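Open your viewer and get ready to click along. We will go from one stop to the next, and at each one you will hear what to select and what is there.

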Amino acid sequence: MKSYNNASNGEQLFRRWFYSLTLRCHKKSTTKRRVLAALDFKGIIMQTLELKIPPVVQVLVTASLMWALAIAVPSLDFTLSASPLVAIVFAVIGVAFALCGVLEFRSAGTTVDPRVPEQSVSLVIRGVYRISRNPMYAGFLLVLIAWGMFLSNLASFVLLPVFVVYMNRFQIAPEERHMRDKFGEAYRKYEAEVRRWF
């Protein structure tokens, strides 16, 4: 009789433990569902930002923030006698690179508006597009580097990687998705042969 009572107590303890474990798992799965829902919401927000802000506006915003940082942190100013010359060289190369990209698109009769990549009518892989898949954006980056050199402040250069990351995520990646869908294997081959930036 004693052993029966012990078994019964053990069984009750097991049931209580199992019930509490089940309850904890349910709470965790609810938390997991909430986290996944939040991530899904974040994903929706991220998708709504894709292809919305024209790259020229992004360049102007980045340049303004670089200027603001240079003013805010004057202790990071540097002096380089060749700074103005280096800035001019980078700016000229950047503008030329971007203009070459625009001219290649125009001569191919395809859209230059980066917000509507689905309107692309042909895959442009000649000229400057043999050096970079995104010569216009690469040109913008060179212009921003020139601006950083002109400002002669190390803090301003911190925003250059931010510009690249933003462009990769919200401009270039969605464009590349459309290009893969539209041009298939030809675009995949081009991707494998030519870098995204330089």
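**Stop 1: a threonine in a helix**

Select threonine 62, which sits in helix H2. Helices here are DSSP runs of H or I with at least four residues, strands are runs of E with at least two, and both are numbered from the N terminus. Before you go on, note that this is a predicted model, in which local features need pLDDT of at least 70 and side-chain atom pairs count only at pLDDT 80 or more, while totals for chains, interfaces and linings use all residues. Residues are numbered from 1 along each chain as its sequence is written, and side-chain values use heavy atoms, with hydrogens and water left out.

Is threonine 62 buried or exposed? Its relative accessibility is 10%, so threonine 62 counts as buried. (Buried means under 20% relative accessible area, exposed means over 50%, and partly exposed is in between, with a 1.4 Å probe and protein chains only.)

Now show the backbone of glutamine 58: its oxygen lies 2.8 Å from a polar atom of the threonine 62 side chain. Next, add Leu144, Leu159 and Phe163, which are in contact with threonine 62 when its neighbours within four places in sequence are left aside. Contact means heavy atoms within 4.5 Å.

**Stop 2: the second largest pocket**

Keep threonine 62 selected and add Ile53, Gln58, Val61, Leu65, Leu159, Val162, Phe163 and Tyr166; together with Thr62 they line the second largest pocket. H2 and H5 are the elements that give two or more residues to this lining. The volume of the second largest pocket is about 200 Å³.

How is a pocket found? On a 1 Å grid over the protein atoms alone, a pocket is an open set of points with protein on both sides within 12 Å along at least five of seven lines, whereas a cavity is a set of points where a 1.4 Å probe fits but cannot get out; lining residues have an atom within 4 Å of a point. Grid points are joined across faces, edges and corners, and the volume is the space filled by probe spheres set on the points.

Colour the lining by class and you get 7 nonpolar residues, 2 polar and no charged. Here Ala, Val, Leu, Ile, Met, Phe, Trp, Tyr, Cys and Pro count as nonpolar, Asp, Glu, Lys and Arg as charged, and the others, Gly among them, as polar.

**Stop 3: two rings in one helix**

Stay with tyrosine 166 and add phenylalanine 170: both lie in helix H5 (residues 159-183), 4 residues apart, about one turn of the helix. A pair of aromatic rings is described by the distance of the centres and the angle of the planes. Rings of Phe, Tyr and Trp (its six-membered ring) pair if their centres lie within 6.5 Å; planes under 30 degrees apart count as stacked, over 60 as edge-to-face and the rest as tilted. The count by this rule is 7 aromatic pairs.

Which of the two residues here is buried? Phenylalanine 170 is, with a relative accessible area of 9%, while tyrosine 166, at 24%, counts as partly exposed. Their rings form a tilted pair, 4.7 Å centre to centre with 40 degrees between the planes.

**Stop 4: the largest pocket**

Select Phe105, Tyr129, Met136, Tyr137 and Glu175, which lie nearest the centre of the largest pocket among its 29 lining residues. Its volume is about 480 Å³. Which helix supplies the largest share of the lining? That is H3, with 5 residues. By class, the lining has 20 nonpolar, 5 polar and 4 charged residues.

**Stop 5: a turn into the loops**

Move to threonine 111, in the loop between H3 and H4. Threonine 111 is buried, at 17% relative accessible area. Leaving aside neighbours within four places in sequence, threonine 111 is in contact with Phe105, Val116, Gln119 and Ser120.

Finish at serine 152, in the loop between H4 and H5. Serine 152 is buried, at 12% relative accessibility. Most residues other than glycine have a negative phi. Serine 152 is not a glycine, yet its phi is positive, about 50 degrees.

**Zoom out**

Show the whole protein: there are 6 helices and 0 strands. Of the 198 residues, 32% count as buried.

Conventions:
A polar contact is a pair of N or O atoms within 3.5 Å; within protein, one must be able to donate a hydrogen and the other to accept it, and residues adjacent in sequence count only if both atoms are side-chain atoms.
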